[in-house]
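Trainee: Could you walk me through this model, please? I would like to learn how its parts hold on to each other.

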Amino acid sequence: MTTPPAEAPPTPPLHEMILTRGYLKLLLLSVVAGVVIAFASFCLVSLQHELQHQVWEVLPETVGYDQPPWWWPLPSLLLAGLLAMPIITRFPGTGGHVPAHGLGGPMLGPKDLPGVVLAAVATLPLGIVLGPEAPLMALGSGLALLALRRSKRAAEPKAALVLGTAGSTAAISTILGGPVVAAVLVLEAAGMGGAQLFVLLLPCLVASGAGALVFTGFGQWTGLSIGALSLPEVPPDVTPDAADFLWGIPLAVLIGVVVSTMHQLGHLTAAWTQKHTALRTVLCAVAVGVCIAAYALTTGRSPAEAALSGQATLAVVAGQPHTFAVSALILLVLFKGLAWGICLGSLRGGPIFPAVLMGAAAGIAASGLPGLGTTAGLALGVATATAVVTRLPVTSSVLAVLLLGHDAHNQAPLIVLCAVVGFITAEIVERIRKPRS
């Protein structure tokens, strides 16, 4: 006789979970942690942005160039590889997660923070084609867990999970335009429902909300730039028509295939660098420099457009698309995509920001097609590429809507549809690469 499976214990009502004294203390600790993490994040991204400004603007002007010459990325990325090599091979935590594997992975603790911060400050400003989001999330979780160690709840694994996630959310919200996108990201990535979702989401909301307030205040007070993901100017608002959707679906598939293919290059690079890591890390950094230099040589434009995470170039592409020839946008997607794929598997940083630029460039390059406008091209490109790299279509839709601002109301149906198409396309490409046994 077969023994019936034991029933799972019932989940307590929501009010019994969030109105306990211990949970309310956890919320208070999340607010405090959010303030501290926001200040630390502000210092990190401000320093990174200032170093980036010195390397790609001030130094070229000092030696007599109006913009960085085509060869500028070669010594810059070589130096980045040499600096990254000991961090990845010697420091605890290897400077952070391999970005080809996404933003997930084991939560990094306080002992990993020196390597993460050093990798971000020493290599990202030199032209690594990755964003600051992963180092910020690691910084947030590490500082949150450090704060938890000093509290009476240090021995509770659930408290560590919740506060660590809240710390990561507070940190990444500072560069994603506020707590909304970060909260949606947590909600979608958690894959939970019911009361358990609220237990995790509330500390994330209060931590990111408090952190965003502090972060914004410091930005206005100091006047320092942080290079957050934003679009100061966007194309004129238009109402999408049938042509936008007829072009939008196949374009979303195409962008999904391109971004997914570049992402697969990251997996190949990650496997290749597992052996002889030190030497191959430097070789990969040099290869990234070659890709960026090739973009500058073939287009006659600044290599800075293909280097770095892409926030500044994204603002120009979206606000002044007429300054880019279609061929330049296609070459930007090609060479930045190759550089991004190599960086994903060999260096340290976040995978999202360069993908957003690639999607925007591809969408605007196709905006000259009959019936497809610049606004629709930008919207579908951003939503599709973000969904491909994050595998979070809801988060991708919200991010695209916030970036487009007033233009997003009319473009929302196209944004949502293309985010779903990009997500499905990425899943198909992934299944082709790793067929089920």
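Mentor: Happy to! A salt bridge is a side-chain nitrogen of Lys or Arg within 4 Å of a carboxyl oxygen of Asp or Glu. This is a predicted model, where local features need pLDDT of at least 70 and side-chain atom pairs count only at pLDDT 80 or more, while totals for chains, interfaces and linings use all residues. Residues are numbered from 1 along each chain as its sequence is written, and side-chain values use heavy atoms, leaving out hydrogens and water.

Trainee: How many salt bridges does a search of the whole structure find?

Mentor: One pair is Arg301 and Glu305, 2.9 Å from N to O. Another is Lys111 with Asp112, with the closest N and O atoms 3.3 Å apart. Searching the whole structure gives a count of three.

Trainee: Is Asp112 buried or exposed?

Mentor: Buried means under 20% relative accessible area, exposed over 50%, and partly exposed in between (1.4 Å probe, protein chains only). Its partner Lys111 is exposed at 59%. Asp112 has a relative accessible area of 5%, so Asp112 is buried.

Trainee: How many residues apart in sequence are the parts that Glu427 and Arg391 tie together?

Mentor: The side chains of Glu427 and Arg391 meet in a salt bridge of 3.0 Å, N to O. Helices are DSSP runs (H or I, at least four residues), numbered from the N terminus. Glu427 lies in helix 16 (residues 408–433) and Arg391 in the loop between helix 14 (374–390) and helix 15 (393–404), so the parts they tie together are apart in sequence by 36 residues.

Methods: Helix = DSSP H or I, 4+ residues; strand = E, 2+ residues; numbered from the N terminus.
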